[in-house]
Amino acid sequence: MGVRNEKTILEQIAGAREKLGRELLLLAHFYQHDDIVRYADFVGDSLQLAEKAATQRQAKYIVFCSVSFMAETARILCRPEQEVLHPEPNARCPLANMASIGQVEAAWNALASLGRQIIPVVYVNSNADLKAFCARHGGMVCTSANVKRIFSRVLAQGTCLFFFPDENMGRNVSRDLGLAEEEMFLWDPEKGLDRAGSTSAEKAKVFLWEGFCIVHRVMVASDITRLRKKYEGITVIVHPECTPEVYSQADLAGSTNFIKATVDKAQEGSKWAIGTEWNFVNRIKRENPGKLIIPLREERCKEMAKVTPEKLLRVLIGLTSGELPGRVVVDETVAREARIALERMLEIT
Ligand code: SF4
């Protein structure tokens, strides 16, 4: 974007925002580019954004800058008379697309043959029909901010847990809660429950799905070793979507909001290696000039990057002319059920 063109877009966005006034609420995920974040009323992780959508009553229009499942979540949680708009409906989280309702239902039916009591828990990075599935089977949604609490709650009831679609997060949290490897079973849609030579499904307490975030998966344990060698005393903090190898070697782990809060309140002069999306790490670095902040890897989320100021402007201009570009619609039955699974999560949080 040229400087002149950028200025024009900035001015137009500012103008449209002013026109829409309090009717507009602009939400952005932490992984959005600065060119989007600077326009947002509120920036947060998926839990914070879900809570905002559920409690914000004033705005007529919620423009959601992120990937599509988050805009869908906002649609499910906000009031019927509010409209949710997404500047780029084709910005789709690859992790969310790694489990379809048909695949999950097939797995669920196979797991039923074990005769165990199993509660499904779905990561918020999922399509709405999977959230609805969880509601129908007594389960709920979780985010990276509350996953440990939700796993503990379910396992404390003596029930097993079926978690999808992020294997890494499920494995990391299960290990944190003291589960042994043989208590985790990785569901393989090809082989079902008959995985010769693998851990027996009978012993499992947590059933995992083979999904992963393509951004966090590229971070490897040798990145940590390299940075520890180079910067003595550096603290490594990572997102739980990282692989178990990275997660287990980090000093701290948690949601993006946890990462931000921890680094923000750290001592001046402290050194941090952060294992999550680059736009977010770069922003924390800028906001904390007195600390050494290094990304574990300079890895950007290409789907998040599909939301651009130009696309945001198109939505805002449409709204000022009485149109609803990028309007988010979720099937009514799916939305009603998915809402139950989201509300169960929000009650625990
Ligand atoms: S960072 Fe990973 S989990 Fe988040 S939207 Fe991108 S691909 Fe999906």
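**View 1. C142 and its closest cysteine, C134, in a predicted model.** The sulfur of C142 sits 9.1 Å from the closest cysteine sulfur, the one in C134, and that is too far for a bond. A disulfide would need the two sulfur atoms within 2.5 Å. This model is a predicted one, and by that rule the disulfide count comes to 0. C142 is buried, at 0% relative accessibility. C134 is buried too, with a relative accessible area of 0%, and has its place in helix α6. While you're looking at C134, have a look at I340 as well: the two are 206 residues apart along the chain, yet their C-alpha atoms are separated by 8.9 Å.

**View 2. W108 against F133, an edge-to-face pair.** Zoom in here for one of the 11 aromatic pairs that the structure holds. The ring centres of W108 and F133 lie 5.6 Å apart with the planes at 90°, so this one counts as edge-to-face. W108 belongs to helix α5 (residues 101–112) and F133 to helix α6 (residues 128–136), so the contact ties together parts of the chain that are 25 residues apart in sequence. Both W108 and F133 are buried.

**View 3. F162 and W209, a tilted pair.** Here the rings of F162 and W209 are 6.3 Å apart, centre to centre, with 50° between their planes, which makes the pair tilted. This pair links distant parts of the chain, 47 residues apart: F162 comes from strand β7 (residues 160–164), while W209 comes from the loop between β9 (206–208) and α9 (221–230). F162 is buried at 0% relative accessibility, and W209 is buried at 5%. Pull back a little and the two pairs turn out to share a cluster: W108, F133, F162, F164 and W209 form one aromatic cluster.

**View 4. The cis peptide bond at F164 and P165.** Most peptide bonds are trans. The one from F164 to P165 is cis, with its omega near 0°. P165 sits in the loop between β7 and α8 (167–176). On the other side of this bond, F164 is one of the residues in the aromatic cluster of the previous view.

**View 5. Two charges over two rings.** First up is K52, whose charged end sits over the ring of F42, at 4.7 Å from the ring centre. Next comes R300, lying over the face of W278 at 3.9 Å from the centre of that ring.

**View 6. The shell around the ligand.** Which residues surround the ligand? They are Y31, V67, C93, P94, N125, C213, V215, E241, C301 and M304. Sorted by class, this shell has 8 nonpolar, 1 polar and 1 charged residues. Among the cysteines here, C93 is buried, with a relative accessible area of 10%.

**View 7. T73 reaching back to F69.** T73 is part of helix α4 (residues 68–77). A polar atom of the T73 side chain lies 2.8 Å from the backbone oxygen of F69. With a relative accessible area of 4%, T73 is buried.

**View 8. E245 beside N172, and A145 beside T349.** E245 is found in helix α10 (residues 244–249) and is partly exposed, at 47% relative accessibility. Its partner in this view is N172: the two are 73 residues apart along the chain, and 9.3 Å separates their C-alpha atoms. For the other half of the view, go to A145, in the loop between β6 (140–142) and α7 (147–156). A145 is partly exposed as well, at 32% relative accessibility. The C-alpha atoms of A145 and T349 are separated by 8.8 Å, with their positions 204 residues apart along the chain.

**View 9. T159 and R38, apart in sequence and in space.** T159 is in the loop between α7 and β7 and is buried, with a relative accessible area of 4%. How far apart in space are T159 and R38? From C-alpha to C-alpha they are 45 Å apart, and in sequence they are 121 residues apart.

Technical notes. Residues numbered from 1 in each chain as written. Predicted model: local features only at pLDDT ≥ 70, side-chain atom pairs only at ≥ 80, totals over all residues. Heavy atoms only, no water. Buried < 20%, exposed > 50% of the residue type's maximum accessible area, 1.4 Å probe, protein only. Phe/Tyr/Trp six-rings, centres within 6.5 Å; stacked < 30°, edge-to-face > 60°. Helix = DSSP H or I, 4+ residues; strand = E, 2+ residues; numbered from the N terminus. Lys NZ or Arg CZ within 6 Å of the ring centre and 35° of its normal. Near = heavy atom within 4 Å. Nonpolar A, V, L, I, M, F, W, Y, C, P; charged D, E, K, R; others polar. Polar contact = N/O pair within 3.5 Å; in protein donor to acceptor, adjacent residues only side chain to side chain.
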